[in-house]
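Biologist: Please explain how the side-chain features of a structure are read. I should like the general idea and then the case at hand.

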Amino acid sequence: MRYQTKGTCSTSIDVEVENGVVKFVEFFGGCNGNLKGSASLVTGMKVDDAISKLKGIRCGFKNTSCPDQLSKALQAALHEEEKRKNAE
């Protein structure tokens, strides 16, 4: 799923979640190396663990950051996965 970020240099994040595990993350815009590193670190991690590590991180004087936005994207992806499973 594609998540539109708010308040960050990155403009959107593509995330895939399968059985509560982060399978894929790709940022668009932002600090290329740092965001590739963040994506690599959370890939293979349980979604809930990744969210707890990333949620609330701030960038400078901003109220959010790319990692914080990733936590929101993962929450949305997890919610979509649960909706899909309940519909089956």
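Modeller: The turns below treat the nonpolar core, the cysteines and the rings. This is a predicted model, in which local features need pLDDT of at least 70, side-chain atom pairs count only at pLDDT 80 or more, and totals for chains, interfaces and linings use all residues. Residues are numbered from 1 along each chain as its sequence is written, and side-chain values use heavy atoms, without hydrogens and water.

Biologist: Which residues touch the most other members of the largest nonpolar core?

Modeller: In soluble globular proteins, nonpolar side chains tend to be buried together. A nonpolar core is a set of buried (under 20% relative accessible area, 1.4 Å probe, protein chains only) Ala, Val, Leu, Ile, Met, Phe, Trp, Tyr and Cys residues joined through side-chain atoms within 4.5 Å. Here the largest has 20 residues, and V15, V25, L70 and L74 touch the most other members. Its largest share, six residues, comes from α3, a helix (a DSSP run of H or I, at least four residues).

Biologist: How are the cysteines read?

Modeller: A disulfide is a pair of cysteine sulfur atoms within 2.5 Å. The structure holds zero disulfides. For C9, the nearest cysteine sulfur is that of C31, 5.8 Å away; for C66, it is that of C9, at 6.3 Å. C66 is buried, with a relative accessible area of 12%.

Biologist: Where does the charged end of R2 sit?

Modeller: A charge sits over a ring if NZ of Lys or CZ of Arg is within 6 Å of the ring centre and within 35 degrees of the ring normal. The charged end of R2 lies over the ring of F28, 4.4 Å from its centre.

Note on methods. Buried < 20%, exposed > 50% of the residue type's maximum accessible area, 1.4 Å probe, protein only. Helix = DSSP H or I, 4+ residues; strand = E, 2+ residues; numbered from the N terminus.
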